[in-house]
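Reader: Please take a single part of this model and examine it closely. I should then like to see how that part is placed in the whole.

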2 protein chains.
Amino acid sequence: MDNMQCPKRTLMDYCPDIKVMDCTLRDGGLVNNFAFTDEFAKDLYKANIKAGVDYMEFGYKASKELFDPKDYGKWKFCCEEDIRAIVGENDSPLRISVMADVGRCDYQNDILLAQDSVIDMVRVATYIHQIPAAIKMIEDCKQKGYEVTVNIMAVSKVNTDDLYAGLELLARSSVDAIYLVDSFGSFYPEQITKLAQKYVEVANASGKIVGMHAHNNQQLAFANTIEACRMGISLLDATVSGMGRGAGNCYLESLLSFLKNPKYDEVPIIRFVEKHILKLKEEGVVWGYDIPYLLTGILNSHPSSAIKFIKDRRKDYCNFMQELLDVE
Amino acid sequence: MDNMQCPKRTLMDYCPDIKVMDCTLRDGGLVNNFAFTDEFAKDLYKANIKAGVDYMEFGYKASKELFDPKDYGKWKFCCEEDIRAIVGENDSPLRISVMADVGRCDYQNDILLAQDSVIDMVRVATYIHQIPAAIKMIEDCKQKGYEVTVNIMAVSKVNTDDLYAGLELLARSSVDAIYLVDSFGSFYPEQITKLAQKYVEVANASGKIVGMHAHNNQQLAFANTIEACRMGISLLDATVSGMGRGAGNCYLESLLSFLKNPKYDEVPIIRFVEKHILKLKEEGVVWGYDIPYLLTGILNSHPSSAIKFIKDRRKDYCNFMQELLDVE
């Protein structure tokens with residue numbers, strides 16, 4: 001991983017250290033239970049290569065002890081053979097990532113040695129209280145030869161002292177990158193400025209980089225991502241048309257058109273939207289900004305209640321807001 | 001108008017100088033040709049009062065010589081009696097605004113003396129080359145007793161020298177507020193930072209304030225509005241559910257939930273969405289972020305071609321992008 005840093009960038013900069021991660025299959029898989037066709041996955045893989053995207057995340061490495069494969073599409077598990085069916089030996093500059101949740105992944109058995117796998121990067125997703133367990137996973141994956149990131153989830157619910165302590169622990173681990181994650185889409189850009197400063201400061205001091213994963217509850221996913229980028233965060237997550245849980249993510253097509261590196265090109269992604277995303281939407285797969293997600297974003301709550309509200313076809317937003325306030 | 005300034009604010013500030021303008025009938029009227037029911041207008045008026053909104057724009061003061069009233073809903077013209085049918089004497093703190101386009105408004109005849117009108121504010125919309133004509137309108141409206149703002153449109157197409165010269169001319173006029181307008185939704189927050197600084201500097205030096213009117217082509221309308229606010233811009237435009245031409249505007253419900261002044265409450269607006277906006281959407285009235293608007297935003301073009309593309313039910317985004325590049 002290229003550790004070159006631009007701590008404070010401007011719009012016109014072309015920063016070669018910036019890398020883009022497409023998480024459509026992974027975060028988008030949370031929308032449709034990973035029910036993507038192989039054609040979808042293959043076309044997305046090809047589109048990402050053409051678009052100059054740096055990483056493509058295929059899904060989760062979930063434990064088959066905890067989750068029954070009959071209940072999910074294959075990208076919940078990301079078996080080696082399933083990824084290879086899409087990418088072959090991956091003879092391309094696009095690097096392949098999977099996510100592994102602390103406590104939901106049988107990483108000792110399911111994550112192979114990197115030399116035996118087409119996977120390049122493992123992203124360890126952790127809550128703040130799981131960081132010691134996350135570090136065990138990080139060290140295991142590093143020893144196996146992977147690039148490893150850690151994604152601290154739900155930090156908008158974490159008090160600052162705990163967060164800083166967690167960051168310091170991670171800084172002493174072998175992890176390559178630490179992710180700032182706005183799980184609930186509740187941060188404003190001004191809060192991202194401060195958090196990004198802290199993450200970059202701690203990470204850079206130990207030779208690590210920082211990533212950004214945003215949610216679009218307040219229609220700020222793209223704005224927060226470019227603010228993070230301005231503050232020196234260099235690994236930027238996005239999904240095609242923002243496909244992701246609830247309000248979804250930063251739109252990959254917007255991000256690529258924003259970045260100045262000429263290797264990035266949004267056109268292959270827009271072609272992919274024409275062919276695949278419009279069809280998904282016609283089939284009734286629903287994600288993206290809506291008032292229930294705005295409300296969970298404002299109230300800094302998990303989007304699950306908003307997802308249920310929309311699934312139940314409810315429209316009584318004000319009642320829903322009161323329900324959220326009762327829970328808080 | 002309260003001229004108290006907070007030149008650089010933080011998120012936690014409660015700045016009493018910030019004012020919110022609801023433009024739903026006006027910018028939203030460009031979506032449905034101003035075909036709002038009286039019930040819609042009345043309920044919006046009441047919702048705005050309950051929500052603590054400071055100004056409500058009813059529509060345009062368009063010339064009936066240039067535009068045939070048979071072809072438009074009444075808010076294209078905003079006759080005194082039509083506004084009074086909704087607000088009576090407007091016995092409320094909500095102030096009422098109309099927009100008057102340079103060259104499209106017979107302002108000498110159609111704009112009454114303020115003492116004879118329920119309208120409080122006239123917003124003069126001008127292109128950069130029309131500023132001398134705009135100043136004539138501004139002085140006419142000021143003499144008649146109105147609060148007057150000037151909205152310089154399409155500044156993303158204006159060179160910096162011309163823009164600064166225009167701002168200086170307006171600073172010497174009697175106008176109360178100068179608006180930064182992102183007509184094409186093409187600005188990133190970092191550009192808003194710089195523009196806002198300049199507008200605030202020039203305006204404050206002559207005792208004026210600055211307004212912000214954003215479009216959502218890149219899903220940055222809200223982010224750009226709060227960035228403008230952070231830089232000292234104090235008159236913030238928004239519309240219910242972002243209803244406005246093309247990709248629409250900053251969402252009023254998001255903006256109210258962001259602002260710290262306890263007089264603001266997004267709940268009445270969300271109730272209004274439940275009752276009226278969902279119905280409009282069911283009836284097929286279409287606005288809001290979509291790829292064609294992203295493309296005109298990226299390419300800094302007027303949204304009219306994207307509006308036509310969507311009306312024609314085309315989905316060939318990449319062809320459309322090439323058409324836009326041919327025109328540029």
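Author: In what follows, an angle between two elements is taken between their N-to-C directions and runs from 0 to 180 degrees, each axis being a line fitted to C-alpha atoms, for helices over the stretch in contact. The model is a predicted one. The part chosen for the close look is the sheet of chain A, together with what lies against it.

In chain A, eight strands form a closed barrel with parallel pairing, in the order β1-β2-β3-β4-β5-β6-β7-β8. On average, neighbouring strands of this sheet are turned by 25° against each other, direction ignored. Strand β8(A) may serve as the centre of the description. On one side, β7 of chain A (residues 209-213) pairs with β8 of chain A (residues 235-238) in the parallel sense over two bridges. Within this pairing, G211(A) has L235(A) as its bridge partner. On the other side, β8(A) pairs with β1 of chain A (residues 19-22), again in the parallel sense, over four bridges. Here D237(A) stands opposite M21(A).

The residues of β8(A) point in two directions: L235(A) and D237(A) face one way, while L236(A) and A238(A) face the other. All four are buried. The partners named above, L235(A) for G211(A) and D237(A) for M21(A), thus point to one side of the strand.

A helix also belongs to this picture. α8(A) lies across β6 (177-181) and β7 of chain A, and runs at about 170° to β6(A). This helix, spanning residues 189-205, also supplies at least two residues of the side of chain A that touches chain B.

That side deserves some detail. In the contact between the chains, 32 residues of chain A meet 33 residues of chain B. Besides α8, the helices that each supply at least two residues to the side of chain A are α9 (221-230), α10 (252-258), α11 (267-282), α12 (291-298) and α14 (317-327). The greatest contribution comes from α11(A), with six residues. By class, this side has 18 nonpolar, six polar and eight charged residues. Since 100% of the interface residues of chain A are also interface residues in chain B, the copies meet through the same surface. A turn of 180° with a shift of 0.0 Å along the axis lays chain A on chain B with an RMSD of 0.0 Å, which is the relation of a two-fold axis.

Chain B likewise has a closed barrel of eight strands with parallel pairing, running β1-β2-β3-β4-β5-β6-β7-β8. In it, β5 (residues 147-152) and β6 (residues 177-181) of chain B run parallel and are joined by four bridges, with L180(B) as the bridge partner of I152(B). The largest nonpolar core has 228 residues, and L255(A) and L255(B) have the most contacts inside it. Beyond its neighbours within four places in sequence, L255(B) is in contact with V20(B), F222(B), T225(B), L236(B), A238(B) and C250(B).

Back in chain A, Y146(A) lies in the loop between α6 (131-144) and β5 (147-152). Residues with 20 or more other C-beta atoms within 10 Å count as buried; Y146(A) is therefore buried, because it has 23. Residues up to four places away in sequence aside, Y146(A) touches A114(A), D120(A), M121(A), V122(A) and C141(A).

Conventions. Residues are numbered from 1 along each chain as its sequence is written. Chains are lettered from A and ligands numbered from 1 in the order in which they are written. This is a predicted model: local features need pLDDT of at least 70, side-chain atom pairs count only at pLDDT 80 or more; totals for chains, interfaces and linings use all residues. Two strands pair if DSSP finds at least two bridges between them. Two residues are in contact if their C-beta atoms, placed from the backbone, lie within 7 Å. Ala, Val, Leu, Ile, Met, Phe, Trp, Tyr, Cys and Pro count as nonpolar, Asp, Glu, Lys and Arg as charged, and the others, Gly among them, as polar. A residue is buried if 20 or more other C-beta atoms lie within 10 Å of its own, exposed if 12 or fewer, and partly exposed in between; C-beta atoms are placed from the backbone. Copies are superposed by least squares on the C-alpha atoms of residues with pLDDT of at least 70 in both. A nonpolar core is a set of buried Ala, Val, Leu, Ile, Met, Phe, Trp, Tyr and Cys residues joined through C-beta atoms within 7 Å.
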